[in-house]
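Please open the model in a viewer and keep the sequence at hand. The tour begins with the whole chain and then moves to particular selections.

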Amino acid sequence: SYLHPESLDGDNQYECSGCNKKCDATRSMVFAKLPPVLNIQLARYVFDRETLSKRKLTTKVLLPKSLEIPSSANSSQDEQVKYILCSVQNHLGNSAHGGHYVADVMDWTTGVWYEFNDEDVTILEGGPTSSFEPHETEDNVETNQPGKHRKVSGSADAYNLFYVSQSYLSMQCESELRHFDSMESEANTGTSTASGGISDILTSVKDQRKERYRLELEIQTKNMFKDRRISARQEQITKKIFLPTSKLAIPTNSDGNYTEGNNVWVDSNFLRRFFSCQDGTE
């Protein structure tokens, strides 16, 4: 609707400076030159005249996975440039002065979508939850799984959309596939890719990147559990050895000075292993 022509007629006629009278006209917005990457920002933040402060609009918006835009002002329906949704920035929270930011990004080569939430990365099957194909209806959107459908609800957090022209996207993807193909050929003693091998390369790249994602997620999970174990051990040592109320606490007098008594000795090697979880025991 942003590029849809607007009719100026009736009480909203256009005042022509050439004929010095009001007349029917059509007003439209066109792109003088289309870029390879189209950035669309939604007006999520407005000034509220009642509260005299900025606020966030939480109107839900559907995100089309593709856009067809006329290449020039005189273009017909057949002369349109197709853009593919490749990235979405989301602002979580109701305040216009702060919040949390999450990015949904598509791998240009494989078409796999990822959600980046700080250090957490998640694969988005089918793309962002609020995205849809324009030729499909809102209540009947096909998923990647045969026989299943999902209803797409609008996003109240998306505010920055990045679309890439299909021709530019194809050129970049083809360049990367050629590079990957040359690397595979060198690894296979100079053998060339057979006809139709691009599809096999694409599948291989997709599988390798998904496997890399799985391994990285596994490492992240192990590190998270290790950090939890170390924190628990530190707390355990603090309670049992170093706190004044502990039976194993270092003896002191009423002034807090060290006194001779039942001293507690902890082997430094054991303590180091205990803190670092290198011994693998709980």
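Accessible areas are obtained here by the Shrake-Rupley method with a 1.4 Å probe. On that basis, the protein exposes about 19,900 Å², and carbon and sulfur atoms supply 51% of this area. Please note that the model is a predicted one.

With the whole protein still displayed, switch to a cartoon view: three helices and 17 strands make up its secondary structure. Of the 282 residues in the protein, 24% are buried. Among contacts with a separation of 6 or more, 54% are between residues 24 or more positions apart.

Next, select residues 100-106, which are strand β11, together with residues 113-117, which are strand β12. The two strands run antiparallel and are joined by four bridges. To view one pairing, select Ala103 and its bridge partner in β12, Phe116. Then move to the turn of this hairpin, where six residues lie between β11 and β12. Gly111, in that turn, has a positive phi of about 80°.

Keep β12 selected and add residues 120-124, strand β13. Which residue of β13 is the bridge partner of Phe116? Selecting Val121 shows that partner. Phe116 can thus be displayed with Ala103 of the previous stop and with Val121 of this one. Five bridges link β12 and β13, again in the antiparallel sense.

Finally, centre the view on the turn between β12 and β13, a hairpin with two residues between its strands. Select Asp118 in this turn; its phi is positive, at about 55°.

Technical notes
Residues are numbered from 1 along each chain as its sequence is written. This is a predicted model: local features need pLDDT of at least 70, side-chain atom pairs count only at pLDDT 80 or more; totals for chains, interfaces and linings use all residues. Side-chain values use heavy atoms; hydrogens and water are left out. Two strands pair if DSSP finds at least two bridges between them. Buried means under 20% relative accessible area, exposed over 50%, partly exposed in between (1.4 Å probe, protein chains only). Contact means heavy atoms within 4.5 Å.
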